[in-house]
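Reader: I would like a close look at one helix in this model, and at what surrounds it. Please take me through it step by step.

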Amino acid sequence: MTVTPLAAHASDRAAPVFRGRIGRDARSGHYAVPGRYRLHLSTACPDGLRIAITHSLLGLDTVCPATFLPAVPDSPEGGHSALRSLYEASAHRYTGPAVAPVLSDDWSGRIVSTYAPDIMRDLDRRFGGDRLSLYPCGAESEIEAVERMCAQGIEQAAQRAGSAGGGPVERDVELTTLLETLGALERWLEGRTYLISDEITAADVELWVALVQLDTVHRNHLDACAVQRIADHPTLWAYARRMAAHPAFGGHLDLGGIERRHHARCHGLEAAGAAVQILDWAAHSAR
């Protein structure tokens, strides 16, 4: 898949606090042992949804159990009270929010990582086995390109296109970036079932979650005309609908939780696009 690099943008994601990795053997400290690690996820969060889908695709329910958290954090500082002890055990005098996602080590009672891309890769490479490879050999550069397209060309561009603080010219530029990215993906998917392989890869997880966020969160802050132009990519949205029918994708889709999380976090103005739903996710999702 040939991708033209997008202009650099500052990431809107919070900087990760913990960046531990699971290695091959005991020399790495954190090494792969079934039952040693645990995931703490909220599927209303995009990163939590990505990890949950990855976890289900790889069939890791017993190898690396997952604890699912409420859509809206319950602590005053914006974190999950259930994660507070893990954060305090992992960082001396930690005062920040105890946020998800978290990969923890049950042996030590400490956090390994809060960085979703590393967590997804370690689940696949250390526990995935031969069942399915979400990061197949030789495809890493293409997957990274899709990650950048989704983060910058879809999620960040859509957020800025609907920002109440931006001027009309800035919003138009971001909307153009969004539509160009969707157009490139639309053309690439024609005649294909999945993005870069004959099987599902991490690129499909990234794109599907970005499309879910675009239709369930970002369109609330765009005008109706912009949403109609976003919807005018039939191949892309047919792909999103088809992936939603897969149990590992649609089975984790918490539409009510996404809405509650959005309303709890967002202070932007609702626009006319809120009334123009692109997909009926509930109807197409495998529950």
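Author: What follows is a walk through helix H1 and the sheet beside it. The model is a predicted one, and its chain averages a pLDDT of 90, with 92% of the residues scoring at least 70. Residues 1-13 stay under 50 in pLDDT, and where pLDDT is low the predicted coordinates should not be read in detail.

Helix H1 covers residues 46-57, and because a helix is expected to span 1.5 Å a residue, its 12 residues should reach 16 Å, which agrees with the 17 Å that separates its end C-alpha atoms. Of these 12 residues 11 are buried, so H1 is largely enclosed by the rest of the structure; among the buried ones are Pro 46 and Asp 47 as well as Leu 49, Ile 51, Ile 53 and Leu 57. After H1 comes Gly 59, which has a positive phi, near 65°.

As for the surroundings, H1 lies across S1 and S2 and runs at about 135° to S1. Those two strands pair in the parallel sense over 3 bridges, and Phe 68 in S2 is the bridge partner of Leu 41. Both belong to an open sheet of 4 strands with mixed pairing, in the order S2-S1-S3-S4. Strands S2 (66-68) and S4 (110-113) stand at the edges with a single partner strand each, so one side of each has no neighbour in the sheet. Neighbouring strands of this sheet are turned by 35° against each other on average, direction ignored. Helix H3, residues 116-127, lies across S1, S3 and S4, and runs at about 145° to S1.

Technical notes. Residues numbered from 1 in each chain as written. Predicted model: local features only at pLDDT ≥ 70, side-chain atom pairs only at ≥ 80, totals over all residues. Heavy atoms only, no water. Expected span 1.5 Å × (residues − 1). Buried < 20%, exposed > 50% of the residue type's maximum accessible area, 1.4 Å probe, protein only. pLDDT = per-residue confidence, 0-100. Contact = heavy atoms within 4.5 Å. Pairing = 2+ DSSP bridges. Axes fitted to C-alpha atoms, helices over the stretch in contact; angles between N-to-C directions.
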